[in-house]
Amino acid sequence: MAGPVAFFAVFFAWPVAAIVARGLKPDGAWQLGRIADVVTRSDLRNVLWFTTWQALASTALTLLVALPGAYVFARLDFPGKRVLRAVVTVPFVLPTVVVGTAFLALVGRGGLLDDLWGVRLDTTVWAILLAHVFFNYAVVVRTVGGLWSGLDPRQEEAARMLGAAPLTAWRTVTLPALAPAVAAAALMVFLFTFTSFGVVQILGGPTFATLEVEIYRQTSQIFDLSTAAVLTLVQFAAVAAVLAVHAWTVRRRETALRLVDASLTARRPRGAGQWALLAGVLATVVALVLLPLGVLVQRSLDAPGLRYYRALTHEDGGTFLVAPIAAVGNSLRYAVVATAIAVLIGSLAAAALSRLPPARPRSAGGTPVADRIVRGFDALLMLPLGVSAVTVGFGFLIALDAPPLDLRQSWILVPLAQALVGVPFVVRTMLPVLRAVDGRLREAAAVLGASPWRVWREVDLPLVRRALLVAAGFAFAVSLGEFGATVFIARPDNPTLPVAVARLLGRPGDLNYGQAMALSTILMVVCAVALLVLERLRPHRTGEF
């Protein structure tokens, strides 16, 4: 645990604490009265209210749209299922700025809906909600569908044989078993939409702002660090509460159910109802996932002779100090380093958690000390997904500015920020596999004289190798897409793909818009290829993702 705790202390807790202290302790004395001043401002209360209700609405809409898809992927077997699973996961690992770009091409000015019917949804809340469903569809499908596929269908069949109607059997047998997974998925979707940045920044315009967007505005445009610090604390408190509930639901799901082999529960669709449900889910995937991505590709090609792609190879002297295409190489290099860091830290953290006894209620023999250790360490690993990435990025510039860690001019800042986001995915992917390893194998190796390192190399590694590759793939994909922190610390001569896309969108002109679409398409293709590879590597037990 020492390595992960030290990493998070230096590169997460310290930068966040530094930015909060800079805002609330500007002259060496704490100004805690500033908290009351900020939270009572009507404009900021409106931001908090919009952040909360749009997250609740996005969560409800995502569950409504994605739960049928979870059933189809869990219980039905059909050609192309593996490819389709990878396709629906592509939006989740895309940068939020690319998601916003895709929906801008679909519902924005000059977009597909505008051209066909004169309908524009950009700068409306509907564009934000639809983009959030697009982004989080895979969270519900994989989290709920992964558990659903492992439930023994004979339990529901037994209820049917005893006379229960299909809906009654599902409501009384399957739904209670799925409830922890549905709750966990809902909380994760709420977390991601509560802290939404790129989607709201692009589609919301000046009308709508979440806490994350407002923190960015207060920090980079108004330079009001005290207000930004208070908003960071508000967001931190909300995220901590969500993560506490999420940790409880995940533990309940892992310990309360007896699962079966998922490969034995899926079958070919039977009857008109199942075929209609499959057709409906396929239509939803086409309309919700493939259409925005397809429009994104079409807009990038909407010029003779691949003009937008060719323009990426030329310096314009304005937006960047290098040709925009250089962002591709920069992002790949940064992502490789970030993946190595995330895999190292995440593997150590997962190994530590797998050695700790699972947190259990006191009635089941759980001890308060062990329970607090597991809960605290697990929550620590998840915090970077919910705490303001903008705060972390700006905190890097403030905290890491003096020896022995003067890294402001160092390229390593970008991979470090990206690794913070990748570590939770590594842990969530590897932890179930490590917990499934029979501890007696490790004990036997130790009795025979093997060192702890050799036990890991000879016993654990062969069993978790595929999960490790999947974890590395997810860390690589999310590192490519990190935007909130990178927008502060990426240098003009070394921009990443998400930063390059955002800067091109921020400049007027058809050529800049087309180049943003072209870069977004390149990033989408890279993520899609990575996910197709992951689907071939994915073992049976690889956590929530």
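A cavity, as I use the word here, is a set of grid points where a 1.4 Å probe fits but cannot get out, and a residue lines it if an atom lies within 4 Å of a point. I'm working from a predicted model throughout.

**Entry 1: cavities**

I looked for enclosed spaces of 30 Å³ or more and got 2 cavities.

I took the largest cavity to begin with; its volume is about 550 Å³. Its lining has 30 residues, and Thr96, Phe135, Phe192, Leu385 and Val421 sit nearest the centre. Which helix gives the most to this lining? I found that H7 does, with 3 residues. At least two residues each come from H4 (81-93), H7, H9 (166-194), H10 (198-203), H18 (413-436) and H20 (452-481). I also sorted the lining of the largest cavity by class: 16 nonpolar, 12 polar and 2 charged.

Next I went to the second largest cavity, at about 70 Å³. I listed its lining as Phe12, Pro384, Ala389, Val392, Ala417, Leu420, Val421, Glu482 and Ala485. Helices H17 (389-399) and H18 are the elements that give two or more of these residues. H18 has the largest share here, 3 residues. By class I got 8 nonpolar, no polar and 1 charged for this lining. Val421 caught my eye: this residue is among those nearest the centre of the largest cavity, and Val421 is also in the lining of the second largest one.

**Entry 2: H7 against H13**

Since H7 came up in the cavity search, I checked how this helix meets H13. H7 covers residues 125-148 and H13 covers 271-300; their axes come within 11 Å and cross at roughly 110°. That crossing angle makes H7 roughly perpendicular to H13, because angles from 65 to 115 degrees count that way.

Which residues make the contact? On the H7 side I noted Leu130, Val133, Phe134 and Tyr137. On the H13 side I noted Val281, Thr284, Val285, Leu288, Val289, Pro292 and Leu293. Sorted by class, the contact of H7 with H13 has 10 nonpolar residues, 1 polar and no charged ones.

**Entry 3: aromatic pairs**

My last search was for ring pairs, and the structure holds 9 aromatic pairs. I picked out Phe7 and Phe11, whose ring centres are 5.4 Å apart with the planes at 50°, so I logged this pair as tilted. Where do these two sit along the chain? Both are in helix H1 (residues 2-24), and being 4 residues apart there, Phe7 and Phe11 are separated by about one helical turn.

Notes: Residues numbered from 1 in each chain as written. Predicted model: local features only at pLDDT ≥ 70, side-chain atom pairs only at ≥ 80, totals over all residues. Heavy atoms only, no water. Axes fitted to C-alpha atoms, helices over the stretch in contact; angles between N-to-C directions. Parallel < 35°, antiparallel > 145°, perpendicular 65-115°, else oblique. Contact = heavy atoms within 4.5 Å. Nonpolar A, V, L, I, M, F, W, Y, C, P; charged D, E, K, R; others polar. 1 Å grid on protein atoms, 1.4 Å probe; cavity = no way out; pocket = protein on both sides within 12 Å on 5 of 7 lines; lining within 4 Å. Points joined across faces, edges and corners; volume = space filled by probe spheres on them. Phe/Tyr/Trp six-rings, centres within 6.5 Å; stacked < 30°, edge-to-face > 60°.
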